[in-house]
Amino acid sequence: MNSIPCLTIEDVAALDGILSEFLKKAESELTVVIDRGGNVISQYGDMLAMDVTTIAALAAGSFAATKELARRIGQVEFNALYHQGNGNHIFMNSFDDYTIMITVFGRRSPGGLVRFSCGGAAQRLALPPRLLTNKYQGL
């Protein structure tokens with residue numbers, strides 16, 4: 001079983017800064033970075049309105065199920081999933097082999113803006129090699 005990476009105070013501050021900037025640009029409410037097992041690595045935004053742990057677990061499961069759908073049509077994986085609701089929406093994107101970014105947003109945020117903003121944030125969020133080494137080689 002994989003464990004979440006050990007983050008320093010500096011790592012957390014850097015992640016918070018990236019996620020805060022992303023939420024402003026994307027005009028979104030909440031963003032969560034998780035590993036493929038559904039473990040929360042970082043979160044930023046309005047966490048009181050939603051159960052972040054459950055959202056993380058369900059998002060990881062959704063990516064796992066969708067990976068099989070992709071395989072059935074000759075793809076390795078779909079790297080982005082979008083679920084549209086009546087009021088709130090969720091956009092999830094995988095920006096490397098280990099990490100998924102979940103964004104919750106409402107009517108005031110265009111889906112295209114969220115998706116576009118996720119691209120830049122994902123590049124900046126790529127976990128440093130030292131964290132990936134610790135995480136996936138058994139801390």
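These legends accompany close-up views of a predicted model.

**Figure 1. The whole protein combines four helices with five strands.** Along the sequence, the elements follow the pattern α-β-β-α-β-β-β-α-α. The protein has 139 residues, and 37% of them count as buried. About 7800 Å² is exposed, and carbon and sulfur atoms supply 55% of that area. Contacts also reach across the sequence: among those between residues at least 6 apart, 53% join residues at least 24 apart.

**Figure 2. Strand 5 covers residues 99–105.** Seven of its seven residues are buried, so the strand is largely enclosed by the rest of the structure. Its side chains point two ways. Thr99, Met101, Thr103 and Phe105 point one way. Ile100, Ile102 and Val104 point the other way. Residues of both sets are buried.

**Figure 3. Strand 5 pairs with strand 1 and with strand 4.** Strand 1 runs antiparallel to strand 5, and six bridges link the two. Here leucine 30 has valine 104 of strand 5 as its bridge partner. Strand 4 spans residues 89–94. Strand 4 is also antiparallel to strand 5, again over six bridges. Methionine 92 stands opposite isoleucine 102 of strand 5. Between strands 4 and 5, a hairpin makes the connection through four residues.

**Figure 4. Serine 28 sits in the loop between helix 1 and strand 1.** Helix 1 covers residues 9–26, and strand 1 covers residues 30–35. Serine 28 lies in a loop, yet its relative accessibility is 8%, so it counts as buried. Not counting residues up to four places away in sequence, serine 28 touches Leu23, Thr103, Val104, Phe105, Arg108, Ser109 and Val114. Of these, Thr103, Val104 and Phe105 belong to strand 5. A polar atom of the serine 28 side chain lies 3.2 Å from the backbone oxygen of alanine 26. Serine 28 and arginine 107 are 79 residues apart in sequence, but their C-alpha atoms are 9.6 Å apart in space.

**Figure 5. Threonine 66 lies in helix 2.** This helix runs over residues 52–72. Is threonine 66 buried or exposed? Its relative accessible area is 12%, so threonine 66 is buried. Within the helix, a polar atom of its side chain lies 2.7 Å from the backbone oxygen of serine 62. Leaving out residues up to four places away in sequence, threonine 66 touches Phe78 and Leu81.

How values were computed: Residues are numbered from 1 along each chain as its sequence is written. This is a predicted model: local features need pLDDT of at least 70, side-chain atom pairs count only at pLDDT 80 or more; totals for chains, interfaces and linings use all residues. Side-chain values use heavy atoms; hydrogens and water are left out. Buried means under 20% relative accessible area, exposed over 50%, partly exposed in between (1.4 Å probe, protein chains only). Contact means heavy atoms within 4.5 Å. Accessible areas come from the Shrake-Rupley method with a 1.4 Å probe; for residues, only the protein chains shown count as cover. A polar contact is a pair of N or O atoms within 3.5 Å; within protein, one must be able to donate a hydrogen and the other to accept it, and residues adjacent in sequence count only if both atoms are side-chain atoms. Two strands pair if DSSP finds at least two bridges between them.
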